[in-house]
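Biologist: Please put the model on the screen. I have some short questions about it.

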Amino acid sequence: MPFSLTPYRVFDCYAQVTPEYLKSRGVTLLLSDLDFTLAAKSTRRPDQPLRDWIAELGRSGIRFMIVSNNRSGTRVTEFCADLGVPYQGHAGKPSTRGLEAAMALSGTDRVHTAMLGDKLLTDMLAANRAGVLALMVEPVGGAVTAWQKVLHALQAPFKALSRRKSRETD
């Protein structure tokens with residue numbers, strides 16, 4: 001299992017991860033973190049732009065599943081039920097077990113899977129260790145607490161490296 005914190009690509013928000021982009025990389029399953037990736041942690045219900053984005057993925061033949069470390073099963077359960085999408089809770093990222101369980105549940109292998117998240121130490125490390133395409137977004141709502149601000153400052157060099165590589169290859 002490779003130990004890498006560097007995402008393959010960094011996007012400003014989830015909506016920039018288009019079906020065309022995913023298809024061009026052979027992705028048929030998009031796994032995604034919930035908190036700060038798709039919605040702020042305080043958001044109880046998905047908004048219409050998120051619903052539309054997930055529907056567009058589905059129309060394009062890309063399956064979608066949330067993989068969350070969230071300890072509150074109620075919020076994730078309600079959020080995913082509103083969206084009509086499956087989820088893998090208590091994923092244990094950066095362990096690969098949650099991603100592997102999600103891939104097994106969907107019948108998809110790592111070559112055709114991408115993981116979308118906002119944190120290097122959980123989402124990107126888990127994605128890289130699992131051998132799936134590691135896609136990162138800037139956190140929804142930005143860094144609010146002092147700890148979040150420190151984490152985001154520590155992530156900056158890795159995101160800059162990813163952006164530099166993207167410019168060279170795109």
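Biologist: Is Trp147 buried or exposed?
Modeller: Keep in mind that this is a predicted model. Trp147 is found in helix H6. Its relative accessible area is 57%. The cut-off for exposed is over 50%, so Trp147 counts as exposed.

Biologist: Which residues make the nonpolar surface patch of about 340 Å²?
Modeller: Start from Trp147, which is exposed. A patch takes residues with over 30% relative accessible area. The nonpolar patch of about 340 Å² is made by Trp147, Val150 and Leu154.

Biologist: Now Trp53. Is Trp53 buried or exposed?
Modeller: Trp53 lies in helix H2, residues 48–59. Its relative accessible area is 4%. Buried means under 20%, so Trp53 is buried.

Biologist: How many Å apart in space are Trp53 and Ala15, C-alpha to C-alpha?
Modeller: In sequence, Trp53 and Ala15 are 38 residues apart. In space, the C-alpha to C-alpha distance is 6.5 Å.

Biologist: Let us turn to pockets. What is the volume of the largest pocket, and which residues are closest to its centre?
Modeller: The volume of the largest pocket is about 310 Å³. Its lining has 13 residues. The closest to the centre are Asp35, Lys41, Asn69, Asn70 and Lys119.

Biologist: How many residues of that lining are charged?
Modeller: The lining of the largest pocket has two nonpolar residues and four polar ones. Asp and Lys count as charged, and Asp35, Lys41 and Lys119 are among the lining residues. The charged residues number seven.

Biologist: Which helix gives the most to the lining of the second largest pocket?
Modeller: The second largest pocket has a volume of about 160 Å³. Helix H5 (120–130) and helix H6 (146–169) each supply at least two lining residues. Trp147 and Leu154 are among the residues that line this pocket. With five residues, the helix that gives the most is H6.

Biologist: How many residues of the lining of the second largest pocket are nonpolar?
Modeller: One lining residue is charged and two are polar. Leu, Trp and Phe count as nonpolar, and the lining includes Leu5, Trp147 and Phe158. The nonpolar residues number seven.

Biologist: On to the backbone. Which peptide bond is cis, with omega near 20°?
Modeller: Look at Pro94, in the loop between strand S4 (87–88) and helix H4 (97–106). The cis bond leads into this proline. The bond runs from Lys93 to Pro94.

Biologist: His90 has a positive phi although it is not a glycine. What is the value of that phi?
Modeller: His90 is found in the loop between S4 and H4. His90 is exposed, with a relative accessible area of 54%. Its phi is about 45°.

Biologist: Is Phe36 buried or exposed?
Modeller: Phe36 lies in the loop between strand S2 (29–32) and H2. Its phi is positive too, near 70°. At 14% relative accessibility, under the 20% limit, Phe36 counts as buried.

Biologist: Next, salt bridges. Which residue forms a salt bridge with Lys93?
Modeller: The count comes to nine salt bridges. In the one with Lys93, the closest N and O atoms are 3.0 Å apart. Lys93 counts as buried at 5% relative accessibility, and its partner counts as buried at 8%. That partner is Asp33.

Biologist: Which residue meets Arg44 in a salt bridge?
Modeller: The N to O distance in this bridge is 3.2 Å. The pair links distant parts of the chain, with Arg44 in the loop between S2 and H2 and its partner in helix H3 (residues 73–83). The partner is Glu78.

Biologist: Arg45 forms a salt bridge with Asp82. How many residues apart in sequence are the parts this pair ties together?
Modeller: The closest N and O atoms of Arg45 and Asp82 are 3.2 Å apart. Arg45 lies in the loop between S2 and H2, and Asp82 in helix H3, so the pair ties together parts that are apart in sequence. The separation is 37 residues.

Biologist: Which residues do salt bridges with shared partners join into one network?
Modeller: Arg45 is partly exposed, with a relative accessible area of 42%. Asp82 counts as partly exposed at 30%. The network joins Arg44, Arg45, Glu78 and Asp82.

How values were computed: Residues numbered from 1 in each chain as written. Predicted model: local features only at pLDDT ≥ 70, side-chain atom pairs only at ≥ 80, totals over all residues. Heavy atoms only, no water. 1 Å grid on protein atoms, 1.4 Å probe; cavity = no way out; pocket = protein on both sides within 12 Å on 5 of 7 lines; lining within 4 Å. Points joined across faces, edges and corners; volume = space filled by probe spheres on them. Helix = DSSP H or I, 4+ residues; strand = E, 2+ residues; numbered from the N terminus. Patch = residues over 30% accessible without salt bridge, like charges linked within 9 Å, V, L, I, M, F, W, Y side chains within 5 Å. Areas by Shrake-Rupley, 256 points an atom, 1.4 Å probe, with all protein chains shown as cover. Salt bridge = Lys/Arg side-chain N within 4 Å of Asp/Glu carboxyl O. Buried < 20%, exposed > 50% of the residue type's maximum accessible area, 1.4 Å probe, protein only.
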